[in-house]
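Here are some points to go through with the model open. They cover the voids, one helix, some backbone oddities and a few buried side chains.

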Amino acid sequence: MPAQKTSSSSYLADLERDGFVVVKSIVSKERLELLREASGRVEKMARAGQWPHIRTVGKQFPPWDSTPEKGIWGVQHLMKPDLPGCDIFADMYFSEEVLSIVRELLQCDDDDLVMELFNMLVRPDSDFELRWHRDDIPATATAEEEMDRLGHPAFHAQYNFALWDDRSLVLVPGSHKRARTETERSADPFEKVLPNQLVVHLEPGDIAFYNNNILHRGVYDCSKERVTLHGSVGHAGGSKLRARNVLQHGIGAWVDKVDFSNMKDGDRRRAEAMRARLVRMGGESGEVGYSLQG
């Protein structure tokens, strides 16, 4: 059944308890419209085969094909310098609207923040579903292996920021703190309903932060318009623990070329420092491979 959360004075408490939290209407109508226009142009390019960094229908995890013949369900690398509108997306990623919440959730200050990913999730050309998963724990993991990974701090704030109404994220609240139950472990990977699951409802301008190792899936309806910005911000304490989840997407090939010169001085300094921490993480991590297959 659908679930919607209201604003809280303590987003962290909700995130720790449930594994996700929804914050209502974080940007002005003007900024929302600007992001819609920029996203619409990018989506059109991607569907026409004019942007190779896409998520293709039929494949859940990277690497993806660079051609859209099978349809797309996402667009990668919104801050890559040769993407039209990349400055608009960078302004949003490094904005105080987003990072003020991130600092509360990670219990840190700007000096701990690490630049990670900013992508876009869109309406697929045909209905497409993701299987139940945790982003950085394979389905083959034993209960002990799950708990070993879940016992570490998350060291990230991952989010979906909806530009249109979105009911695509389905999750099991509280599952970020425990191993899968026998029912969850034996269920079909595309099981329509698991016990206690919730559909996260985002209205335009809402943002949902969630622990990426919560048990979750995506259900994408080709008949409903969807543009949701999908990002993550890291904590410097994560180091190699976060490296594979981030670097598997190929951000290291272009991150040093991002131009922050048009940002306000404070935002620019913060962005440059966050990028420097990402570059340092990449230099320390070496070859990272891929978190999941399929």
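What volume does the second largest cavity have? About 40 Å³. Keep in mind that this is a predicted model.

1. **The second largest cavity.** The count comes to 2 cavities of 30 Å³ or more. The lining of the second largest one consists of His77, Leu78, Met79, Glu116, Leu117, Phe118, Asn119, Ile251 and Trp254. By class, that is 6 nonpolar, 2 polar and 1 charged residues.

2. **Histidine 77.** This residue is part of that lining. It sits in the loop between strand 4 and helix 3 (86-93). Its phi is near 65°, a positive value in a residue other than glycine. Is histidine 77 buried or exposed? It is buried, because its relative accessible area is 6% and the cut-off for burial is under 20%.

3. **The largest pocket.** Its volume is about 420 Å³. The lining takes in 22 residues. Nearest the centre lie Leu15, Pro153, Ala154, Phe155 and Asn211. Two or more lining residues come from each of helix 1 (11-18), helix 4 (96-106), helix 5 (143-150), strand 7 (156-162) and strand 10. The split by class is 11 nonpolar, 8 polar and 3 charged.

4. **Phenylalanine 155.** Here is another backbone point to check, at a residue named among those nearest the pocket centre. Phenylalanine 155 has a positive phi of about 55°, although it is not a glycine. It belongs to the loop between helix 5 and strand 7.

5. **Helix 1.** Which residues of helix 1 are buried? They are Tyr11, Leu12, Asp14, Leu15 and Asp18. These residues lie on the same side of helix 1, because they cover an arc of only 160° around the axis. The general background is that an α-helix has 3.6 residues a turn, so residues three or four places apart point the same way. Strand 2 (20-23), helix 4 and strand 10 are among the elements that cover the buried residues. Leu15 also appears in the pocket list, as one of the residues nearest the centre. After helix 1 comes glycine 19, with a positive phi near 90°.

6. **A cis peptide.** The bond from proline 62 to proline 63 is cis. Omega is near 5°. Proline 63 falls in the loop between strand 3 (54-56) and strand 4 (72-75).

7. **Aspartate 206.** This residue lies in the loop between strand 9 (198-202) and strand 10 (207-210). It counts as buried because its relative accessibility is 0%. Which side chain does aspartate 206 join in a polar contact of 2.6 Å? The partner is lysine 24. Leaving out residues up to four places away in sequence, aspartate 206 touches Val22, Val23, Lys24, Ser25, Asn160, Phe161 and Ala162.

8. **Isoleucine 207.** Strand 10 holds this residue. Isoleucine 207 is buried, with a relative accessible area of 0%. Beyond neighbours within four places in sequence, its contacts are Val21, Val22, Val23, Ile26, Val98, Ile101, Tyr159, Asn160, Phe161 and Leu202. Glycine 234 is 27 residues apart from isoleucine 207 along the chain. The C-alpha atoms of the two are separated by 17 Å.

9. **Aspartate 135.** Look for this one in the loop between strand 6 (128-129) and helix 5. Aspartate 135 is buried, with a relative accessible area of 16%. Its side chain makes a polar contact of 3.2 Å with that of glutamine 158.

10. **Valine 114.** This residue is in strand 5 (residues 113-122). With 5% relative accessibility, valine 114 counts as buried. What does valine 114 touch, not counting residues up to four places away in sequence? The list is Tyr93, Val233, Gly234, His235, Ala236, Met274, Arg277 and Leu278. Lysine 177 is 63 residues apart from valine 114 in sequence. In space the two are 24 Å apart, C-alpha to C-alpha.

Notes:
Residues numbered from 1 in each chain as written. Predicted model: local features only at pLDDT ≥ 70, side-chain atom pairs only at ≥ 80, totals over all residues. Heavy atoms only, no water. Helix = DSSP H or I, 4+ residues; strand = E, 2+ residues; numbered from the N terminus. Buried < 20%, exposed > 50% of the residue type's maximum accessible area, 1.4 Å probe, protein only. Polar contact = N/O pair within 3.5 Å; in protein donor to acceptor, adjacent residues only side chain to side chain. Contact = heavy atoms within 4.5 Å. 1 Å grid on protein atoms, 1.4 Å probe; cavity = no way out; pocket = protein on both sides within 12 Å on 5 of 7 lines; lining within 4 Å. Points joined across faces, edges and corners; volume = space filled by probe spheres on them. Nonpolar A, V, L, I, M, F, W, Y, C, P; charged D, E, K, R; others polar. Arc of directions from axis to C-beta.
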